[in-house]
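This report introduces a protein structure to a reader who has not met it before. Please look over the sequence and the model shown here before reading on.

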Amino acid sequence: MSTALVGLMAGMALGFAGWFGGFGAFLLVAALGAVGFVLGRLVDDGTDVRAFLGGRGRERR
């Protein structure tokens, strides 16, 4: 799936959320889309989500 097509679908989802649900729904869809994007990039890069959320300065004992 091309990046342009993904952008088109995301824009349409935000547009529908804004039209039918108002500004609050628009913000919710945008925030959840951003979270999904970050998690998807982490999975694609092979980064462990637990290591990412744990922080860099903390060491496990």
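The following paragraphs describe the overall make-up of the chain, its surface and its largest pocket.

The model is predicted. The chain has 61 residues, of which 3% count as buried. Its secondary structure consists of two helices and zero strands. Helix α1 covers residues 3-45.

The chain exposes about 5400 Å², and 67% of this area is supplied by carbon and sulfur atoms. On the surface there is a nonpolar patch formed by M1, L5, V6, L8, M9, M12, F16, W19 and F20. Together these residues have about 1100 Å² of accessible area.

One member of the patch is L5, which lies in helix α1. L5 counts as partly exposed because its relative accessible area is 37%, a value between the limits of 20% and 50%.

The largest pocket holds about 220 Å³ of space. Its lining is made up of T3, V6, G7, M9, A10, A13, L14, V29, A30, G33, A34 and F37. By type, the lining residues comprise nine nonpolar, three polar and no charged. V6 and M9 belong to this lining and also to the nonpolar surface patch.

The areas and the volume are collected below.

| Item | Value |
|---|---|
| Area exposed by the chain | about 5400 Å² |
| Accessible area of the nonpolar patch | about 1100 Å² |
| Space in the largest pocket | about 220 Å³ |

Notes:
Residues numbered from 1 in each chain as written. Predicted model: local features only at pLDDT ≥ 70, side-chain atom pairs only at ≥ 80, totals over all residues. Heavy atoms only, no water. Patch = residues over 30% accessible without salt bridge, like charges linked within 9 Å, V, L, I, M, F, W, Y side chains within 5 Å. Areas by Shrake-Rupley, 256 points an atom, 1.4 Å probe, with all protein chains shown as cover. Salt bridge = Lys/Arg side-chain N within 4 Å of Asp/Glu carboxyl O. Helix = DSSP H or I, 4+ residues; strand = E, 2+ residues; numbered from the N terminus. Buried < 20%, exposed > 50% of the residue type's maximum accessible area, 1.4 Å probe, protein only. 1 Å grid on protein atoms, 1.4 Å probe; cavity = no way out; pocket = protein on both sides within 12 Å on 5 of 7 lines; lining within 4 Å. Points joined across faces, edges and corners; volume = space filled by probe spheres on them. Nonpolar A, V, L, I, M, F, W, Y, C, P; charged D, E, K, R; others polar.
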